[in-house]
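I opened a notebook page for this protein and kept a short record of each thing I looked up.

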Amino acid sequence: MALDKKKGIAYGIKYSSLNGVSLILSKIIRGLIIPKLLVPFSYGLFSSVSLFTRYLNFFDFGATAYFTKEVAKLSRDSDPLSFQRLVDQTFSTLVLGIFLSSLVLVVMGLGYTGENQEFYKIAIFLLVPIYGLTKIREFFIYHLYGTGQYRYHALLSTLVNYTHLVLVSFGIYFYSAIGGVIAMLMSEVLMTAIVLWVVDLRP
């Protein structure tokens, strides 16, 4: 994918604002739909999965945030070696984080003996590929933002948000809380494949 040509600040603000509004709307819609599809107990189970994902974010070691800041300083046309080095280093860090998070989740899944074991054991094991795919997808999308490709970034981010919303809603409707977690995995598989197809990290 070719880089967008340099445009004014208004260009970046426009697409960043559109992306922000889209994200807020998707969260509002999700907040209205999901509780209506689940009984309170099942809603509590599904919502508790987000606690795992919040703590798992520590396993990226801040690599994506650092990448977004540093990649904006580089030109993959005039300095392809430095650009590729940053890409390789960031991706290596993410792979390490994915590996460590997978180990933690597997141990938690095997050792969990608390309440609602059937749900949590399945959900925890599903989080292994969900987290890995999420971090890979985010890395590629952050590349778009860091290199000023705001339009592509906004479009892909919006597609991710609403694909996730639709699939999770259907998953919950048909298979309750665990269906929502399965749909999260389906959403990540689909959107990661699309992002990898669209975004080109090669210098």
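Before counting contacts I fixed the term: two residues are in contact when they have heavy atoms within 4.5 Å. The model I am working from is predicted.

**Entry 1, contacts.** I took the contacts between residues at least 6 apart in sequence, and 77% of them join residues at least 24 apart.

**Entry 2, overall build.** I looked up the secondary structure and found six helices and zero strands. Read along the sequence, the pattern is α-α-α-α-α-α. The radius of gyration is 18 Å, close to the 17 Å that the globule rule gives for 203 residues, so the protein is as compact as a globular protein of that length. I also noted the box that the C-alpha atoms fill, which is roughly 55 × 35 × 25 Å along the principal axes.

**Entry 3, surface and charge.** Of the 203 residues, 41% are buried. I wrote down an accessible surface of about 11300 Å², with 69% of it belonging to carbon and sulfur atoms. For the charges, I compared the mean position of the 17 positive ones with that of the 11 negative ones, and the two are 7 Å apart.

**Entry 4, Ser26.** I found Ser26 in helix α1, which covers residues 9–37. Is Ser26 buried or exposed? Its relative accessibility is 7%, and the cut-off for buried is under 20%, so Ser26 counts as buried. I then listed what Ser26 touches, leaving out residues up to four places away in sequence: Asn161, Tyr162 and Leu165.

**Entry 5, helix α3.** I checked residues 63–71, which form helix α3, and noted Ala63, Thr64, Phe67, Thr68, Glu70 and Val71 as buried. What covers the buried residues of α3? The cover includes α4 (80–111) and α5 (117–146).

**Entry 6, positive phi angles.** Most residues other than glycine have a negative phi. I noted two residues with a positive value. Phe61, which is not a glycine, has a phi of about 55 degrees. I placed Phe61 in the loop between α2 (40–56) and α3. Its relative accessible area is 47%, so I entered Phe61 as partly exposed. Asn116 is also not a glycine, and its phi is near 55 degrees. Asn116 sits in the loop between α4 and α5. At 31% relative accessibility, Asn116 counts as partly exposed.

**Entry 7, aromatic rings.** How many aromatic pairs does the structure hold? I found nine. One of them is Phe52 with Tyr120, whose ring centres are 6.4 Å apart and whose planes meet at 50 degrees, so the pair is tilted. Phe52 lies in helix α2 and Tyr120 in helix α5, so this pair ties together parts that are 68 residues apart in sequence. I looked up the accessibility of Tyr120 as well; with a relative accessible area of 12%, Tyr120 is buried. Ring pairs also link Phe52, Tyr112, Phe119 and Tyr120 into a cluster.

**Entry 8, after the last helix.** I looked for Leu201 and found it in the segment after α6 (150–198). Leu201 has a relative accessible area of 10% and is buried. I also took the separation between the C-alpha atoms of Leu201 and Phe59, which is 23 Å. Along the chain, these two residues are 142 residues apart.

Methods. Residues numbered from 1 in each chain as written. Predicted model: local features only at pLDDT ≥ 70, side-chain atom pairs only at ≥ 80, totals over all residues. Heavy atoms only, no water. Rg over C-alpha atoms; globule rule 2.2 N^0.38 Å. Buried < 20%, exposed > 50% of the residue type's maximum accessible area, 1.4 Å probe, protein only. Areas by Shrake-Rupley, 256 points an atom, 1.4 Å probe, with all protein chains shown as cover. Lys, Arg positive; Asp, Glu negative; His and termini not counted. Charge placed at Lys NZ, Arg CZ, Asp CG, Glu CD. Phe/Tyr/Trp six-rings, centres within 6.5 Å; stacked < 30°, edge-to-face > 60°.
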